[in-house]
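Please open the model in your viewer and keep the selection panel at hand. The stops below move from the relation between chains to a sheet and then to a single residue.

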Number of protein chains: 4
Amino acid sequence: MTKNKVVQNKITNFKIGDITVGEDFLLIAGPCSIEGYEMASASAKATKGSGANIFRGGSFKPRTSPYSFQGLQQEALEILLRLKQELNLVVITEIMDPRLINSSLDFIDIIQIGSRSMHNFPLLKEVGMIDKPVLLKRGFQATIEEWVHSAEYIYKEGNSKIILCERGIRTFETYTRNTLDLSAVPIMQKLTGLPVIVDPAHATGRKDLIPSMCKAAIAAGADGLMVEVHPTPDTALSDPEQQLNFAEFDSLMQELIPIINFFRKN
Amino acid sequence: MTKNKVVQNKITNFKIGDITVGEDFLLIAGPCSIEGYEMASASAKATKGSGANIFRGGSFKPRTSPYSFQGLQQEALEILLRLKQELNLVVITEIMDPRLINSSLDFIDIIQIGSRSMHNFPLLKEVGMIDKPVLLKRGFQATIEEWVHSAEYIYKEGNSKIILCERGIRTFETYTRNTLDLSAVPIMQKLTGLPVIVDPAHATGRKDLIPSMCKAAIAAGADGLMVEVHPTPDTALSDPEQQLNFAEFDSLMQELIPIINFFRKN
Amino acid sequence: MTKNKVVQNKITNFKIGDITVGEDFLLIAGPCSIEGYEMASASAKATKGSGANIFRGGSFKPRTSPYSFQGLQQEALEILLRLKQELNLVVITEIMDPRLINSSLDFIDIIQIGSRSMHNFPLLKEVGMIDKPVLLKRGFQATIEEWVHSAEYIYKEGNSKIILCERGIRTFETYTRNTLDLSAVPIMQKLTGLPVIVDPAHATGRKDLIPSMCKAAIAAGADGLMVEVHPTPDTALSDPEQQLNFAEFDSLMQELIPIINFFRKN
Amino acid sequence: MTKNKVVQNKITNFKIGDITVGEDFLLIAGPCSIEGYEMASASAKATKGSGANIFRGGSFKPRTSPYSFQGLQQEALEILLRLKQELNLVVITEIMDPRLINSSLDFIDIIQIGSRSMHNFPLLKEVGMIDKPVLLKRGFQATIEEWVHSAEYIYKEGNSKIILCERGIRTFETYTRNTLDLSAVPIMQKLTGLPVIVDPAHATGRKDLIPSMCKAAIAAGADGLMVEVHPTPDTALSDPEQQLNFAEFDSLMQELIPIINFFRKN
């Protein structure tokens, strides 16, 4: 791995809007999928009000089955742009098709490379050639070493604005959906210098574990968290079992903010 | 999974050139990567001479590190076309970028979707819209159920010429590169009706296990095998430890052909 | 691993009754648990009549839950001894408590060390000090290297009559109970010289996969098979979903015997 | 799992010496193996001085290879008893042979069931019949459900003084030895009511990850930590790469104590 420039040149902080990534703690929240303007707008207001500083919302959904809801696609991008302008938000969405990278750049601030795309080398090269931050999720079956190499695919093309995201790995355990590997946080920070955030909901697939795993992530030194928030999780078109409602998210934030302050100041 | 048409309509046989897939045993052989015309031509002649009926050769190589050899790309496609015409071959290569599917159609007979691309849904949709057979490798991290859904992504767009390929799954064992899951052969045949072939070299990463795993695959009911053959494996630009030389491949074929005859006639 | 004597001294064949292990193909069959004399006797007669040469029957059952049927224990040992005398059988049962090894020796011919006991070092040392063959199952969580070390624990104490048994490893796949790792057959044979048999039912947990996985095991070079057979699998006190009834076992044997002959003579 | 009494009767706190388990945070420290009186005594004094409240030291070591150091055995038990009396310690050691449980009771305060013994049912029954606390480590390949059943084996025999210990599970990742599953902490606490502690060194196999994983464990709600401390880790007879020296442990404790206070009071 030593050949990799992300390993050689420990990365320095970079800015997204007012946020200094690597210094300010990233609190990314929003619905799994953008299902329409109303629910997205309500979610954006609620999460911002509770303290989130980046709004997430799925546009193109990578779904295991072709018969599952695939996202509102271009319509979702337009909703994100409208919310960005109306509410002065920093916005992130996942793109999984290299043909859509360029056309999405005007709509969003951060491009997310999803877990299933971590080994999609043409896509990695494509986001390596743009001037926007990229959130690179760990493949659920990717080793630390492969994750570093995937970051290097982006870095090598010239884009050093990379945020890493640990989201659980596939193991034999079935009680949780995947197994959150928090040791990846200090390991990847040390190897690459890049900021590493944690997505506890995709890792565990269980709402009740989100608070404890958020706290553990902060204590492990994570640079941010990503949480799914939906106005009415029970009727969500995707991931109903792991999205928080507005009250739950607000209560989570009240619990987490003192912990973030405690650890980030020490 | 019952919603899937590949599960509902057990697929019937289809033709590729003179080969009736699902009836004739597929013997796919050739180098990991096309490194030039001479080595490719020698490999094509040798493997055909020993009994292979499909020629494989990597053009665009999905490599974990961006610094590893990435394949000769368009040049490799042109070599494959030339060999196809000169030697009357059926030819397969992997494509991992949806933007290259259409431009590759004139050069090759079968498009391979590699293990790391099994969850690349835009790519699956793209090969679903063409009129060429697709070899869909199992993701090394994919469950049986996810593999069926990925086949359905192709089938749903209208392409029913799908060949499945078991190539090992990632487990805790490190003695072999991956663990060959031969139970996937009868399971996938029964679930989908599709032909299922086996790639023992990528599964195990060890040359010495190829003969025994080929025999086991045939006995498990596989519809074909894929083996990597290179003029001088030790100097190969990719996968040096798992490619057979011409003499080794010839000797393997002499051992396998009576076994194929024994099982396919019973 | 090179320090290990099982690796240094490739083992030679040994006898159990009339059977030359490593030369004669082992066909071990019988119920998961001995549930009484009648069912055991009927099973022993039926499996012997269909061609099995070793009778298996669980006495002390290692069950995940303390509320599951734990076996008839000493009563089962007595039934095995009675059947051994009445039907001239070679008999195997699992012992998991080192305190019971010596008292079981008069009742059985082969002691089975189960998958969950592969790392039970006091038990391994105990069976290393007796003069009876030991069947050492691979731990479902054990690497090849750990399995070799466990065989060495037995060998080092003086007992070289060891039969290895591949029975599947725990992976992320849930369609089958475990993943049968047939590459372990040639690997362990080559590393240790010891005979390696295969237990496809515990590996897959599915009756319908037993025939194809038995054939694959034979083709991979296995020295034997272990299959669970019960008079009425649906009412079995353990493993109802993976035991064959007498007719199914007879039909399986008729299919397998020509395949065994084909491979063992070549 | 609902049949299990550990699930039905959420357990209440219990005392070990002056410690109220489930209320007081457990800080278990000491060398991997007791290698002699001098090093054990120095370790006990140093760890106690830095704030540890339970002294650990291996007597009978479960080693993968029979040629690795197996522990001082009975001699180690005697050293532990001497230190207990001299320094007024609470002492824990692992026993893996059911025949040694009764004879070890006079020497130690807590019996540890190691990861490889979690499925050793005769051993679990044996410690279920004694009146001493039992530390039950999770099998490195055990599911949450299996771990609950193993606790029930102990509980069912009458012993409710059980401490659970998460120590990592075996996955495909090789950068760390195992993958620490911190989600197991809140899951097991909620399912059983039992205290759950964390052993970060065995989970990761890397000294440099111990501080961050200790903090994450505390934040996840763990009831204690177990850390290996050795006078001169580089010359240790077992686990040299993951034991802290006295200065490192002292520095770790100074970092952790404010974090424990922060979380245990909130």
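Copies are superposed here by least squares on the C-alpha atoms of residues with pLDDT of at least 70 in both. This is a predicted model, in which local features need pLDDT of at least 70 and side-chain atom pairs count only at pLDDT 80 or more, while totals for chains, interfaces and linings use all residues. Residues are numbered from 1 along each chain as its sequence is written, and chains are lettered from A and ligands numbered from 1 in the order in which they are written.

Select chains A and D. A turn of 180° with a shift of 0.0 Å along the axis lays chain A on chain D with an RMSD of 0.0 Å, and that is the relation of a two-fold axis. To find the rotation axis, centre on Ala216(A), which of the residues of chain A comes closest to it, at 2.1 Å (C-alpha).

Next, show chain A with chain B. Their contact (C-beta atoms, placed from the backbone, within 7 Å) takes 23 residues from chain A and 23 residues from chain B. On the side of chain A that touches chain B, α5 (121-128) and α6 (144-156) each supply at least two residues, helices being DSSP runs of H or I with at least four residues and strands runs of E with at least two, numbered from the N terminus. The most comes from α6(A), with 5 residues.

Now move to chain D and select strand β7 (residues 134-137). Which residues lie on its two faces? Val134(D) and Leu136(D) are on one side, Leu135(D) and Lys137(D) on the other, and all are buried, that is, with 20 or more other C-beta atoms, placed from the backbone, within 10 Å of their own.

Add the neighbouring strands, where pairing requires at least two bridges found by DSSP. Strand β6 (residues 110-113) of chain D pairs with β7(D) in the parallel sense over 3 bridges, and Val134(D) is the bridge partner of Ile111(D). Strand β8 (residues 162-166) of chain D also runs parallel to β7(D), joined by 4 bridges, with Ile163(D) as the bridge partner of Leu135(D). The chain crosses from β7(D) to β8(D) through helix α6 (residues 144-156) of chain D in a right-handed β-α-β crossover, meaning that, with the strands pointing away from the viewer, the path from the first strand over the helix to the second runs clockwise.

Finally, select Thr192(D), in helix α7 (residues 184-192) of chain D. Thr192(D) is buried because 25 other C-beta atoms lie within 10 Å. Not counting residues up to four places away in sequence, Thr192(D) touches Val6(D), Val7(D), Ile11(D), Val148(D) and Ala151(D).

Notes. Buried ≥ 20, exposed ≤ 12 C-beta atoms within 10 Å, placed from the backbone. Contact = placed C-beta atoms within 7 Å.
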